Amino acid sequence: MSSDCLFCRIVAGEIPATIVRETATTLAFRDIDPKAPVHVLVIPKVHYADVATLGQGDPELAGQVLATAAEVAEAEGLLADGFRLLFNTGGYGGQEVFHVHAHLLGGVPLGPMLAR
Ligand code: 5GP
Ligand code: ZN
């Protein structure tokens, strides 16, 4: 828990969020500024800065984040039409919050993967 990390504070209950799923090790909550009809952030409860440090530091936990994302995708009705799961990472990736989070996006056709 890092008191200056926004998402650690959501895990701690210090900042409100619309939680859609919680497991022993992960949390999923709606993005405050949704970019699609469904936009959920899925995080490990323990702090890792980004998907690179999570994937190398605790691959089992990384898998649990993916499992929670899949469960939320199913619960939100996204499996039939498809969805996008992405981890913005570092400066070029456009990461703004440095507690690793998967963006689960769906509910409409999402267009090309990258703006051109
Ligand atoms: P990033 O650019 O780091 O990949 O994405 C950060 C995401 O966190 C953004 O989509 C932004 O809307 C979301 N966000 C920022 N602050 C909050 C907050 O206080 N609550 C929630 N639920 N989402 C937030
Ligand atoms: Zn954190």
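A residue counts as buried under 20% relative accessible area, as exposed over 50%, and as partly exposed in between. E76 has a relative accessible area of 25%, so E76 is partly exposed. The model described here is predicted.

**The sheet**

The fold holds an open sheet of 5 strands. Their order is β1-β2-β3-β5-β4, and the pairing is antiparallel. Two strands pair on one side only: β1 (19-22) and β4 (83-86) form the edges. From one strand to the next, the twist averages 20 degrees.

At the β4 edge, the partner is β5 (residues 102-106). The two strands run antiparallel and share 4 bridges. Here R84 stands opposite L105 of β5.

Helix α3 (residues 59-75) packs on this sheet. The helix touches β1, β2 (26-30), β3 (38-44), β4 and β5. Its direction makes about 155 degrees with that of β3.

**Salt bridges**

Side chains of opposite charge can pair when their charged atoms come close. The cut-off used is a side-chain nitrogen of Lys or Arg within 4 Å of a carboxyl oxygen of Asp or Glu. By this rule the model has 5 salt bridges. Three of these are described here, among them R21 with E71, E76 with R30 and D33 with K35.

What do R21 and E71 tie together? R21 sits in strand β1 and E71 in helix α3, so their salt bridge links parts that are 50 residues apart in sequence. The N to O distance is 2.6 Å. R21 is partly exposed, and E71 is partly exposed as well.

The pair of E76 and R30 also joins separate elements. E76 belongs to the loop between α3 and β4, and R30 to strand β2, so this salt bridge connects parts 46 residues apart in sequence. The closest N and O atoms are 2.9 Å apart. R30 is partly exposed, at 34%.

D33 and K35 form another salt bridge, with the closest N and O atoms 3.5 Å apart. Is K35 buried or exposed? K35 has a relative accessible area of 60%, so K35 is exposed. D33, at 46%, is partly exposed.

The table lists the relative accessible area of each residue in these pairs.

| Residue | Relative accessible area | Class |
|---|---|---|
| R21 | 33% | partly exposed |
| E71 | 32% | partly exposed |
| E76 | 25% | partly exposed |
| R30 | 34% | partly exposed |
| D33 | 46% | partly exposed |
| K35 | 60% | exposed |

Key
Residues are numbered from 1 along each chain as its sequence is written. Chains are lettered from A and ligands numbered from 1 in the order in which they are written. This is a predicted model: local features need pLDDT of at least 70, side-chain atom pairs count only at pLDDT 80 or more; totals for chains, interfaces and linings use all residues. Side-chain values use heavy atoms; hydrogens and water are left out. Two strands pair if DSSP finds at least two bridges between them. Axes are lines fitted to C-alpha atoms, for helices over the stretch in contact, and angles run from 0 to 180 degrees between N-to-C directions. Contact means heavy atoms within 4.5 Å. Buried means under 20% relative accessible area, exposed over 50%, partly exposed in between (1.4 Å probe, protein chains only).
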